[in-house]
Amino acid sequence: MAASSHLSLRPLPGQNRPILRSICRPVLCAADRQALFNRIAPVYDNLNDMLSLGQHRIWKRMAVSWSGAKEGDNVLDLCCGSGDLAFLLSEKVGPKGKVIGLDFSKEQLSVASSRQQLRSKACYNNIKWVEGSALDLPFSDCYFDAITMGFGLRNVIDFRTAMEEMYRVLKPGSKNFRPRLQ
Ligand SMILES: C[S@@+](CC[C@H](N)C(=O)[O-])C[C@H]1O[C@@H](n2cnc3c(N)ncnc32)[C@H](O)[C@@H]1O
């Protein structure tokens with residue numbers, strides 16, 4: 001893609017492909033996407049700031065507010081990446097609530113977990129990171145009060161199954177909210 005040739009960042013140590021060039025390439029299957037998100041995990045947060053000019057922080061606050069999550073709720077952040085939305089949800093539901101951040105990228109979850117350990121707020125103890133697929137959620141029906149999914153739906157290979165799974169695990173009458181970065 002034309003955009004990739006002048007937007008390329010230097011490769012990560014031990015890798016030979018520039019980061020943005022990897023992102024701009026068409027990615028075909030789930031395994032490719034998983035490998036891509038594993039590979040960019042160390043720089044993902046900086047990329048997000050750069051590509052959205054920092055606006056993703058505002059959109060994420062709006063998403064959590066619109067999700068309807070409230071104190072004591074049991075909530076899910078799908079495709080959680082490095083955990084931005086999960087941390088915001090954690091503050092919202094408080095120590096009596098529970099947050100699960102789910103992603104299929106081990107490396108993104110490892111960044112999320114390191115961030116959790118570095119942050120001092122006690123409420124972040126209510127977050128659990130789960131490695132799993134948005135297309136086959138390891139939760140029972142009607143389990144969550146609210147679900148967020150930040151810039152994730154465009155990355156799953158099967159939109160319909162992802163939506164079906166979301167509605168399956170949501171309690172009736174609950175909300176889900178999915179910000180998108182175009
Ligand atoms: C663009 S990132 C968004 C990360 C985070 N939600 C945020 O807003 O910063 C998309 C995330 O979706 C995850 N992902 C893509 N397909 C997935 C799937 N089928 N199941 C679980 N996670 C998936 C990727 O590993 C990646 O961390």
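Author: Two residues are said to be in contact if their C-beta atoms, placed from the backbone, lie within 7 Å. In the protein chain, residues 24 or more positions apart account for 68% of the contacts with a separation of 6 or more. This is a predicted model, in which local features need pLDDT of at least 70 and side-chain atom pairs count only at pLDDT 80 or more, while totals for chains, interfaces and linings use all residues. Residues are numbered from 1 along each chain as its sequence is written.

Reader: What is the average pLDDT of the protein chain?

Author: pLDDT is the predictor's confidence in each residue, on a scale from 0 to 100. The protein chain averages 85, and 80% of the residues score at least 70. Over residues 1-8, however, pLDDT stays under 50, and for that stretch the model has nine contacts beyond four places in sequence. Where pLDDT is low, the predicted coordinates should not be read in detail.

Reader: How many helices and strands does the protein chain have?

Author: Helices (H or I, at least four residues) and strands (E, at least two) are DSSP runs, numbered from the N terminus. By that rule the secondary structure comes to eight helices and five strands, and along the sequence they follow the pattern α-α-α-α-α-β-α-β-α-β-β-α-β.

Reader: Why is glycine 83 called buried?

Author: A residue is buried if 20 or more other C-beta atoms lie within 10 Å of its own, exposed if 12 or fewer, and partly exposed in between, with the C-beta atoms placed from the backbone. Glycine 83 has 27 other C-beta atoms within 10 Å, and is therefore buried. Glycine 83 is found in the loop between strand 1 (74-78) and helix 6 (84-93), and, not counting residues up to four places away in sequence, glycine 83 touches Gly101, Ala112, Arg115 and Gln116. Of the 182 residues of the protein chain, 34% count as buried.

Reader: What makes leucine 53 exposed, and why is cysteine 142 called partly exposed?

Author: Leucine 53 has 7 other C-beta atoms within 10 Å, and is therefore exposed. Cysteine 142 has 13 such atoms within 10 Å, and is therefore partly exposed. Leucine 53 is found in the loop between helix 4 and helix 5, and cysteine 142 lies in the loop between strand 3 and strand 4. Leucine 53 has a phi near 55°, a positive value in a residue other than glycine, and cysteine 142 likewise has a positive phi near 55°.

Reader: Why is helix 6 called largely enclosed by the rest of the structure?

Author: Nine of the 10 residues of helix 6 are buried, so the helix is largely enclosed by the rest of the structure. The buried residues are Asp84, Leu85, Ala86, Phe87, Leu88, Leu89, Ser90, Lys92 and Val93. What covers them includes helix 5, strand 1, strand 2, helix 7, strand 3 and strand 4. Just after helix 6, glycine 94 takes a positive phi of about 70°.

Reader: What makes a group of residues a nonpolar core, and how many residues does the largest one have?

Author: A nonpolar core is a set of buried Ala, Val, Leu, Ile, Met, Phe, Trp, Tyr and Cys residues joined through C-beta atoms within 7 Å. The largest nonpolar core has 29 residues, and those with the most contacts inside it are Val75, Leu78, Ala86 and Leu89. Helix 6 gives the most to this core, with six residues. Valine 75 touches, among others, Leu89, Val93, Val99 and Ile147.

Reader: How do you know which residues are near the ligand, and which come nearest?

Author: A residue is near a molecule or strand if its C-beta atom, placed from the backbone, lies within 6 Å of it. Of the 21 residues around the ligand, Phe37, Cys79, Gly81, Ser105 and Gly150 come nearest. The elements that give two or more residues to this shell are helix 3 (30-40) and helix 6, and the largest share, three residues, comes from helix 3.

Reader: How many residues of the shell are nonpolar, polar and charged?

Author: Ala, Val, Leu, Ile, Met, Phe, Trp, Tyr, Cys and Pro count as nonpolar, Asp, Glu, Lys and Arg as charged, and the others, Gly among them, as polar. The shell around the ligand divides into 10 nonpolar, eight polar and three charged residues.
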